[in-house]
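Colleague: I would like a close look at a single part of this model. Please take me through the surface near one DNA strand, then the aromatic ring pairs.

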There are 2 protein chains.
Amino acid sequence: MAQTPSVDTVMRTLADPTRRAVFERVFHSKEITVVDLTRGSGVTQGAISQHLKTLKQAGLVIERPEGRNVYYRAQPEGLEPLADWMDHYGVPSLPAKKRYRARIVPDFRKSR
Amino acid sequence: MAQTPSVDTVMRTLADPTRRAVFERVFHSKEITVVDLTRGSGVTQGAISQHLKTLKQAGLVIERPEGRNVYYRAQPEGLEPLADWMDHYGVPSLPAKKRYRARIVPDFRKSR
DNA sequence: CTAATTAATTAGTATCCACTAAATTGATTT
DNA sequence: AAATCAATTTAGTGGATACTAATTAATTAG
């Protein structure tokens, strides 16, 4: 990746449920191949390849070719643009979350 | 909102750059009307209205009608599903100073 | 009152993109 | 060598959706 992908790229990449599921699955496996990812995905192997390409361009996965297999790994740093965006427009980071929620609720959330 | 929107809803809502820009602008203004949002947006008033409807359904904004105006406010809690997702699949390598700042000044939005 | 303003909605269009099926490439096996 | 396997790429299609222009509704101004 020549340059850090934009929030836009990351958002749009993860917005598709199938592709997000692929990312999650790659994330949860140390390494995984396309055929393994295809199994139980509900789409064809070509589709998975396309999604992986998109994920790769977004900096969310990397590949390690070995023989005729290509092993994919998640690249969590690829989520940084999204995290930065969240920091700016969004939700405080983990430790502050509880306080934050306690402060917000009472007004227009219907209490019952 | 009957129910908390899913990650999917939030992601897809924020994936569109125009709509995300609308959200950011609403977020940074205390309250803002549709005409004000339309100004300089590059799209028509109808388009802005549509985006606001989508944002509202995603739990990201709320409206306050007053006379013939409708004032919109951001609803940062709407980002929680996204934050929760990030927590799971998230970002260990987020720059430490950013997290630090977020922790000590969680309410940096209000101080200006 | 009429005219103007604000906003939402509608219908129609164009673009985008996720997907499949098929072809292709490259690597291993027999 | 041919056959098989893993993966990518291509062309084409269908569906989703962002947008515009126009209409509608409601409120305020002159």
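Modeller: What follows goes from the DNA surface to the ring pairs. This is a predicted model, where local features need pLDDT of at least 70, side-chain atom pairs count only at pLDDT 80 or more, and totals for chains, interfaces and linings use all residues. Residues are numbered from 1 along each chain as its sequence is written, chains are lettered from A and ligands numbered from 1 in the order in which they are written, and side-chain values use heavy atoms, with hydrogens and water left out.

Start with DNA strand D. A residue is near the strand if one of its heavy atoms lies within 4 Å of it. There are 25 residues around DNA strand D, and A:Gln45, A:Ser49, A:Tyr72, B:Arg12 and B:His51 come nearest. They divide into six nonpolar, 12 polar and seven charged. Here Ala, Val, Leu, Ile, Met, Phe, Trp, Tyr, Cys and Pro count as nonpolar, Asp, Glu, Lys and Arg as charged, and the others, Gly among them, as polar.

Which element gives the most to this surface? H4(A) does, with five residues. Helices (H or I, at least four residues) and strands (E, at least two) are DSSP runs, numbered from the N terminus. Chain B supplies at least two residues from each of helix H2 (17-28) and helix H4 (45-57).

Now the DNA side. Of the strand D atoms within 4 Å of the protein, 68% belong to sugar or phosphate and the rest to bases. A:Tyr72 has a polar side-chain atom 2.4 Å from a phosphate oxygen of strand D. A:Gln50 places a polar side-chain atom 3.0 Å from a base oxygen. For B:Arg68, a side-chain N or O atom is 3.3 Å from a base oxygen of the strand.

Next, the rings. Rings of Phe, Tyr and Trp (its six-membered ring) pair if their centres lie within 6.5 Å; planes under 30 degrees apart count as stacked, over 60 as edge-to-face and the rest as tilted. The count is four aromatic pairs over all chains. A:Phe23 and A:Phe27 have ring centres 6.1 Å apart and planes at 45°, so this pair is tilted. They sit four residues apart in helix H2 of chain A, about one helical turn. A:Phe23 is buried, at 0% relative accessibility (buried means under 20% relative accessible area, exposed over 50%, partly exposed in between, with a 1.4 Å probe and protein chains only). A:Phe27 is partly exposed, at 25%. Ring pairs link A:Phe23, A:Phe27 and B:Trp85 into a cluster.

Technical notes:
A polar contact is a pair of N or O atoms within 3.5 Å; within protein, one must be able to donate a hydrogen and the other to accept it, and residues adjacent in sequence count only if both atoms are side-chain atoms.
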